[in-house]
Amino acid sequence: MTDEHEISPQRIVIRPIRVEDYEVIRDMATRCFPGMQPWKKEQIESQLNLFPDGQLCIELDGQIVASTCNLIVDFDDYDDWHNWKEISESGYIRNHNPEGDTLYGIEIMVDPSFRGMKLARRLYEVRKELCRDKNLRRIIIAGRIPGYGAHADKMSAREYVERVIHKELVDPVLTVQLANGFTLKGLIPDYLPSDQDSRGYATFLEWTNLDHTGASQRRFRAVSLARISLVQYEMRAVRDFDEFAKQCEFFVDTASDFKADFVLFPELFTTQLLSLVPDKRPGLAARDLAEYTPRYLEMFSKLAMGHSINIIGGSQFVLEGDCLFNVSFLFRRDGSVGKQYKLHITPSERKWWGVMPGGKVEIFDTDRGKIAILICYDIEFPELARVAVAKGARILFVPYNTNERHGYLRIRHCAQARAIENEIYVATAGCTGNLPFVENADVHYAQSGIYTPADFPFARDAIAAESGENDETLVVHDVDLEVLRRQRHTGTVTTWYDRRKDLYHVYYREPDGTELRI
């Protein structure tokens with residue numbers, strides 16, 4: 001299929017720093033820390049020579065916009081009340097100890113022109129993953145408190161950080177660090193005397209690695225969490241596209257505040273935009289709605305990157321030549337976009353809108369593992385879920401749109417059946433509210449949920465989380481992919497491995513002719 005609605009999204013890439021990046025990083029440091037001495041080239045060279053894995057940057061469309069520098073130490077070798085020159089060897093990190101137990105962060109910076117995109121959160125998450133991969137006990141950072149300078153004549157540094165902790169004040173550095181799971185352990189006077197904004201003070205913060213095993217190599221991972229948000233969206237008339245976009249941004253922003261990894265919108269919740277389209281026959285109106293697809297793609301791409309969250313954007317009509325498709329888009333937080341065509345078309349979709357079916361089960365790699373998207377009616381065909389899981393999916397996302405309870409129950413019960421049959425998580429999200437002017441989408445019924453296998457490690461009734469009926473709301477819940485992995489091998493029943501492939505199988509053919517027998 002050709003796609004007339006491809007966009008050129010911005011791409012966020014996290015990569016190791018290279019020596020040739022020096023001038024860009026130096027200039028960025030000058031913008032980030034006015035009046036402070038940036039790294040010298042020989043300091044960067046020394047850091048890369050001694051601990052290349054610990055020196056990382058973020059690129060946006062090929063431009064470096066953030067960076068972090070780190071080393072490993074045995075923290076028993078140092079006092080808590082150290083100074084920056086001692087712990088970083090004046091920036092050369094010659095004290096880096098690969099056999100140490102602590103990752104020490106000596107710098108993190110985000111270009112002022114790109115703040116507000118939660119790039120610092122990405123770097124803190126990279127630090128945590130590095131800590132886990134190296135099986136270190138903790139991360140220690142000494143953070144600036146640049147907001148203190150404006151209050152130094154009215155309060156002590158201790159009073160200032162206490163007020164930041166209690167959210168009475170906001171500090172551009174400490175507030176972010178606390179939000180990323182770090183615990184304040186103390187204050188360090190004269191840590192960086194040249195830092196006038198902080199009056200030389202630094203905060204002493206710690207993050208504990210709960211995966212640390214006490215051995216030189218990590219032997220197991222106790223948990224592997226993915227946080228899922230479901231948008232149960234109320235349909236209502238809108239005055240313009242901007243009003244629709246504001247409603248979408250509200251839910252994305254709220255899910256991001258909860259640090260969700262994924263947020264799922266309902267199928268064809270974009271039919272709300274038909275309130276902007278002149279009254280026409282349903283088939284023509286659906287094609288007019290497809291004209292909003294480029295703006296829809298641009299909006300969700302920016303939201304995904306700006307809020308550092310993976311968005312399953314419900315679904316939207318896409319017109320390719322004379323063919324109308326119902327397509328769900330995945331907007332990853334790194335700026336890349338994937339899409340899944342609806343494969344089974346309901347009789348009403350064919351009758352009212354003339355929707356055509358797609359031809360492939362897509363699998364999407366994300367920073368929380370492989371996922372698949374089955375749009376509404378598709379979850380009622382168990383073969384598709386079987387194919388998706390055989391191709392590696394561990395979470396199925398199901399955006400749906402049903403107009404009464406019977407339709408909702410078909411989605412809900414089939415979603416739970418797919419979770420039990422394939423030992424996976426299935427997340428669903430639907431619409432509520434009314435659109436009296438839209439034929440085939442005038443009334444809605446929904447109860448969104450996250451469904452699990454039915455066994456002891458999972459929630460009672462195999463429902464991890466569920467919304468109320470027909471209330472506009474956001475559901476947020478963690479699912480543990482490590483528990484799911486163990487369930488495959490040690491569950492009370494092992495439905496995936498116990499399939500009788502000598503009696504039956506699913507036969508699946510890709511559009512390119514590749515065949516899969518499951």
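**Reading the terms on this structure**

Me: Why does Y341 count as buried?

Reply: The relative accessibility of Y341 is 10%. A residue is buried under 20% relative accessible area, exposed over 50% and partly exposed in between, with a 1.4 Å probe and protein chains only. The value of Y341 falls under the first cut-off, so the residue is buried. This is a predicted model, in which local features need pLDDT of at least 70 and side-chain atom pairs count only at pLDDT 80 or more, while totals for chains, interfaces and linings use all residues. Residues are numbered from 1 along each chain as its sequence is written, and side-chain values use heavy atoms, with hydrogens and water left out.

Me: What makes the rings of F325 and Y341 an edge-to-face pair?

Reply: Their centres are 5.3 Å apart and their planes stand at 85°. Rings of Phe, Tyr and Trp (for Trp, the six-membered ring) pair if their centres lie within 6.5 Å; planes under 30 degrees apart are stacked, those over 60 are edge-to-face, and the rest are tilted. Both conditions are met, so the pair is edge-to-face. F325 belongs to strand β12 (residues 323-331) and Y341 to strand β13 (residues 337-341), so the pair ties together parts 16 residues apart in sequence. Helices and strands here are DSSP runs numbered from the N terminus (H or I, at least four residues, for helices; E, at least two, for strands). F325 is also buried, at a relative accessible area of 6%.

Me: How many aromatic pairs does the rule give?

Reply: The count comes to 24. Among them is the pair of F317 and W353, with 5.1 Å from centre to centre and 75° between the planes, which is again edge-to-face. The pair links distant parts of the chain, 36 residues apart: F317 is in strand β11 (residues 316-320), and W353 is in the loop between α10 (347-352) and β14 (355-356). F317 and W353 are both buried. One aromatic cluster is formed by Y233, F241, F244, F250, F251, F265, F269, Y292, Y296, F300, F329 and F331.

Me: How do you know that the charged end of R499 sits over the ring of W496?

Reply: The charged end of R499 is 3.9 Å from the centre of the ring of W496. The rule asks for NZ of Lys or CZ of Arg within 6 Å of the ring centre and within 35 degrees of the ring normal. The distance satisfies the first part of the rule, and the charge is assigned as sitting over the ring.

Me: Why is N180 called buried?

Reply: N180 has a relative accessible area of 4%, under the cut-off, and is therefore buried. N180 lies in the loop between α6 (174-179) and β6 (183-188). A polar atom of the N180 side chain is 2.8 Å from the backbone oxygen of V176. A polar contact is a pair of N or O atoms within 3.5 Å; within protein, one must be able to donate a hydrogen and the other to accept it, and residues adjacent in sequence count only if both atoms are side-chain atoms. Contact in the general sense means heavy atoms within 4.5 Å. Leaving aside neighbours within four places in sequence, N180 is in contact with R121, Y124, E125, K128, W207 and K259.

Me: What makes β15 and β16 a pair of strands?

Reply: Two strands pair if DSSP finds at least two bridges between them. Strands β15 (residues 364-366) and β16 (residues 369-373) have 3 bridges in the antiparallel sense, so the requirement is met. T366 stands opposite G369 in β16, and the two strands form a hairpin with 2 residues between them. β16 also pairs with strand β17 (residues 395-399), here in the parallel sense over 3 bridges.

Me: What kind of unit do β16, α11 and β17 make?

Reply: With helix α11 (residues 382-390), these strands make a right-handed β-α-β unit. A crossover is right-handed if, with the strands pointing away from the viewer, the path from the first strand over the helix to the second runs clockwise. In α11, L384, A385, R386, V387, A388 and V389 are buried. The buried residues of α11 pack against elements including β16, β17 and α12 (405-422).

Me: Why does Q416 count as buried?

Reply: Q416, in helix α12, has 12% relative accessibility, which is under the cut-off, so the residue counts as buried. The side chains of Q416 and R412 are joined by a polar contact of 2.5 Å.
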